[in-house]
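Work through the exercises below with the sequence and the model side by side. Try each task before reading its solution.

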Amino acid sequence: MVDLHIHTTYSDGTCSVKEILKQAESLKLDYISITDHDKCLAYEELKNIDIKKYYSGKIIKGIEIKCFYKGSTIEVLGYDYDYEKMNLWVKEFYAKKDRKVIETKYFNKLYDICEKLNLTMSKREDIVWNPENDWGGKTVYDEIKRHPENQSKLPEDFWNNGVQTFSKKYYCNKETEWYIDKSEDYPSVETAVNAIKSAGGLVFLPHIYIYKWMKNIEEELNELLEKYDIDGIECYHSDFTEENIKHLNKLCDNKGFLKSGGSDYHGNNKPTISLAVGKGNLRIPNEIVNWYNK
């Protein structure tokens, strides 16, 4: 089995690199990829440990880069790249982008929107969070949910479907009152794709069906595939239906795109998702990594 979409404590996961390796070994996974957000520091750590003490399978270098696209954000996955080149680009691009400053900005903008909507909130200064590790958007969403009286003031899916819907349908959607412009904080899709290619890697589009701001996902998918130098598509993901999985596999077969798949595991930050099997819906076959340069 395979899991090519995993997050560690180097981004917003709650498991260390060694903990991921141990879990992967216990699950008898043949291939894994750690795909931390906008970082590939896990592979620096892996250079300095005896991997075989923890995991006997293959590790494919990975990264998930958030990109600004059509006024909103999407992600691209990079695989099988030269670590030194990829890490150099990451350091150079994000050198002047202080995570603490960016997340505090998002937190304050979303908090201001909550005030305009007359939502019940704790005082801004009383909300405990760490912008160096926590997401401003998730912090505000969790605070909104702490007050049951807010439920009647918000759409049903906003309240019931979790922070991913809040992010992908509301504050990444320029047609809603929650929208935040992130263009100055993230690379364009073209920039991210070129960075991965320059490091000798392959570019995949992940979890296309989670982007709730897209009015027509199939049209957007086709446009992305035509416009950018994309190598493959993430055909298996925890939030995909069986129909989604079959459709994307067929699309790759018909158009010659490579395939990937992963749980998008975040540990306790996404407690309904388990390594390898996601929400219980995943059985990702080894055959999808036939592109891997072993």
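The exercises that follow deal with a sheet, a strand pair, single residues and aromatic rings.

The model is predicted, so local features need pLDDT of at least 70 and side-chain atom pairs count only at pLDDT 80 or more, while totals for chains, interfaces and linings use all residues. Residues are numbered from 1 along each chain as its sequence is written, and side-chain values use heavy atoms, with hydrogens and water left out.

**Exercise 1. The open sheet**

Determine the strand order of the open sheet of three strands, and describe how helix α1 packs on the sheet.

Solution. Helices (H or I, at least four residues) and strands (E, at least two) are taken as DSSP runs, numbered from the N terminus, and two strands pair if DSSP finds at least two bridges between them. The order is β1-β2-β3, with parallel pairing. The edge strands are β1 (2-6) and β3 (58-59), each of which pairs on one side only. Next, take the parallel pair β2 and β3, which is joined by two bridges; here Y31 has K58 in β3 as its bridge partner. Finally, helix α1 (residues 17-26) packs on the sheet and touches β1, β2 and β3, its direction making about 160° with that of β2. Such angles run from 0 to 180 degrees between N-to-C directions, the axes being lines fitted to C-alpha atoms, for helices over the stretch in contact.

**Exercise 2. Strands β7 and β8**

Find how many bridges join strand β7 to β8, and explain why β8 is described as largely enclosed.

Solution. Five bridges join β7 (residues 232-237) to β8, and the two strands run parallel; within this pair, E234 stands opposite S260 in β8. For the second part, buried means under 20% relative accessible area, exposed over 50%, and partly exposed in between (1.4 Å probe, protein chains only). Because four of the five residues of β8 (residues 258-262) are buried, the strand is largely enclosed by the rest of the structure.

**Exercise 3. Two residues in their surroundings**

Describe the environment of H37 and then that of V163, giving the location, the accessibility and the contacts of each.

Solution. H37 is found in the loop between β2 (31-34) and α2 (42-46), and its relative accessible area of 13% makes it buried. The side chains of H37 and D12 are joined by a polar contact of 3.4 Å, that is, a pair of N or O atoms within 3.5 Å; within protein, one must be able to donate a hydrogen and the other to accept it, and residues adjacent in sequence count only if both atoms are side-chain atoms. With contact defined as heavy atoms within 4.5 Å, and neighbours within four places in sequence left aside, H37 touches H7, S11, D12, E64, W135 and H266.

V163, in turn, lies in helix α7 (residues 162-171) and counts as partly exposed at 28% relative accessibility. Under the exclusion of neighbours within four places in sequence, V163 is in contact with K138 and Y141. The C-alpha atoms of V163 and Y141 are separated by 6.5 Å, although these residues are 22 residues apart along the chain.

**Exercise 4. Aromatic pairs**

Classify the ring pair of W89 with Y94 and that of F158 with F166.

Solution. Rings of Phe, Tyr and Trp (its six-membered ring) pair if their centres lie within 6.5 Å, and planes under 30 degrees apart count as stacked, over 60 as edge-to-face and the rest as tilted. The structure holds 19 aromatic pairs. The rings of W89 and Y94 have centres 6.1 Å apart and planes at 80°, so this pair is edge-to-face. F158 and F166, with ring centres 5.0 Å apart and planes at 65°, are therefore also edge-to-face. At 0% relative accessibility, F158 counts as buried. Ring pairs link Y141, F158, F166, Y170, Y171 and W178 into a cluster.
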